Amino acid sequence: MNGMTGQQMQQIFKALVTESMHGDARNLVEYCCFRFLSRDNSEVHPCLKELAFQRLIFVTMLAWQSPYEEENDSYYEPLKRISFKTKLVYEEAFVRIAPAVSGLADRVTAHNLFKALAGDEGGVSFKTWSTYISEVLKVHEDRKVNQAQEFSHLSGENLLCIAPSRKRPVLKWTNNMAWPGKLTLTDKALYFEAIGLKEKKEVRRLDLTGRASRVEKVKVGPLGSGLFDSAVSVTSSDKSETWVLEFVDLAGEMRRDVWFAFISEVIALYKFMREYGPERSDPSVEYVYGASKGNERAITSAVNSITRLQALQFMRKLLDDPAKLVQFSYLQNAPYGDIVCQTLALNYWGGQLVTKYSDSGTRAMQKVKPYGISTDSSLHVVDLDGSVFLRKWMRSPSWATSASLAFWKSSLPVRKGVLLSKNLVVSDQTLVERAARICKQKYQVVEKTQATIDAAMIKGIPSNIDLFKELMLPLSIIAQNFEKLRHWEDPPLTVTFLVLAYTLIFRNMLSYIFPATLMAMGASMLLLKGLREQGRLGRSFGKVTIRDQPPSNTIQQILAVKQAMLDVESFLQKINVALLKVRNILVSGQPQVTTEVAVVLLSAATALLLIPFKYILSFVLFDLFTRELEFRRAMVKRFMALLKERWDTVPAAPVVVLPHDNEQAKSPPTQKKELKDKSKPETSPGSNLNNIHKN
């Protein structure tokens, strides 16, 4: 790979690293691979067209995951054709080696790319690996041909994808009328060319670079019926026309979802550049070497993400949500995504300082020392190779969060391995890798939590009603009336309520109610936690048990098509999930969360015992009745976003649905009639018509 023998590479590597690093064979594999790959800075590695190079990278991944096998059984054997059909590369090796090859993967979504390629096999075979590379190269070549032949007039824009107008047209809906046409996506806009009888066809353009650009999944149909769930709604600005595009494909593949990922990636790209990159007219870009090419690097990364998704679409190897395979769109909804975006910003726009720089705009015309640390560099962010991201470029509010400060404090540029390039470090991880690894771990926690939520999503409106009755206390009316008071919808009534409340508080009538309640709740939760750990509560403790509904006939299923019933079911599911989470905390379904909540409750109880209760309750009332006022609204939004992130990690309590009890057959006729009226499971018209396929 590097034009040297294995012994020569070992000697060079041994001279560069410590004895502990040299003793790990994986580090030697990384050094040999990364040293060769660091010589190329192109968008797509030029050697990918060679089958020998594809095999070599595959062998390298096998060697990295099993570096200590015998020669007869080691990674030399896969060079034979018969071995390539049986060997599999697993996730850890794939995520470490594949993103090092330009154009094949990125550090953020490499684990999702592995899942898509591996499928049910559990690993990536050489056949899948080779086919994937061939499809990626094919997409690049087709894109260049189409750009030169049909879209040479698009100056300053790069062609990304075309939806053909004949075999599988795209329908543009306007005023409940659908018109077929040809859809083209570039790195800046969407183009729609309608199929008409005239020779001259009108091509319409929709810009995707604006701040108000957004894309959503929608349902379309004749007369606004919403029969087909196969369309997207794209908006450029509040004043521009909204495009409703339906992606027709009778094969039933994920065509709509793939195009949704394409468009959302372009929109997320420019949102990322606005939020995390320097302004276009910022003169400080000239002070950092290579920062002027930061936008180009970000665009190239998004283009490569879309290219890989197209290749997977042609291979019919997609995840349930294709947006997980494109980088910027994935980071928008991923936990810890803001921190990963910060590391990507450092990677794209960071570089060595050309001159000493200060935030005031003054600069000394002299060269800086190695690694480009300026006089006020403590305010800047520094990469492992000494690249600097200026403090004035940190315009995103995410830089000031506690998670961001903790990450950058723990990721000081102290190199433990061998730095071969900005993105390749032997025996260590780049900042992007570290942030992506934390993001992946947090996302897995969210997915596990979502699995419990999905299990709590019981099908059927009658079952959800029963679950709702089991969990919900009759406090909804009181809560609604209190919200009206808190939002000052009736000012005289709100003032009257506050006067009465403060009168009761300062008369010292409620001093010991809240502390006793909180202490009892905290102590009970800790007691339940201890009993659960001892196994004295049984497995079924904490589970919500409801009765299954009797089987429904065809007539009832037809009547259940009504959209109103689906809306009611969805509403009940959301409420039940929230209640199941609270129940899970109370009964110690998640011991760690239960401990945290119990400690908070006991701490609050201590504060209530030490500070006069009337002042605390007065402060609480003041907080509740001023949250929606102008001077506190922004602060409350930030605090609620933090609570939401923590709430998303709490799993729901398990739900057991028992078989239908025949004793209900003995109920009076009126009760039987009510049961029949309730047992109407939902049917969504057109739910199986997800016209999604490769573009």
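This report describes the nonpolar cores and the aromatic pairs of the structure above.

The model is predicted, so local features need pLDDT of at least 70 and side-chain atom pairs count only at pLDDT 80 or more, whereas totals for chains, interfaces and linings use all residues. Residues are numbered from 1 along each chain as its sequence is written, and side-chain values use heavy atoms, with hydrogens and water left out.

A nonpolar core is a set of buried Ala, Val, Leu, Ile, Met, Phe, Trp, Tyr and Cys residues joined through side-chain atoms within 4.5 Å, where buried means under 20% relative accessible area, exposed over 50% and partly exposed in between (1.4 Å probe, protein chains only). The largest such core has 120 residues, and F94, W129, Y132, L190, W259 and F272 have the most contacts inside it. A second, separate core of eleven residues includes I546, L580, A652 and A653.

Rings of Phe, Tyr and Trp (its six-membered ring) pair if their centres lie within 6.5 Å, with planes under 30 degrees apart counted as stacked, over 60 as edge-to-face and the rest as tilted. By this rule there are 24 aromatic pairs, two of which are tabulated here.

| Pair | Type | Centre to centre | Between planes |
|---|---|---|---|
| F482 and F625 | edge-to-face | 5.8 Å | 75° |
| Y502 and F506 | stacked | 6.2 Å | 20° |

Within the edge-to-face pair, F482 is partly exposed at a relative accessible area of 27%, while F625 is buried at 3%. For the stacked pair, Y502 is partly exposed with 25% relative accessible area, and F506 likewise counts as partly exposed at 41%. Elsewhere, Y336, F389, W393, W399, F407 and W408 form one aromatic cluster.
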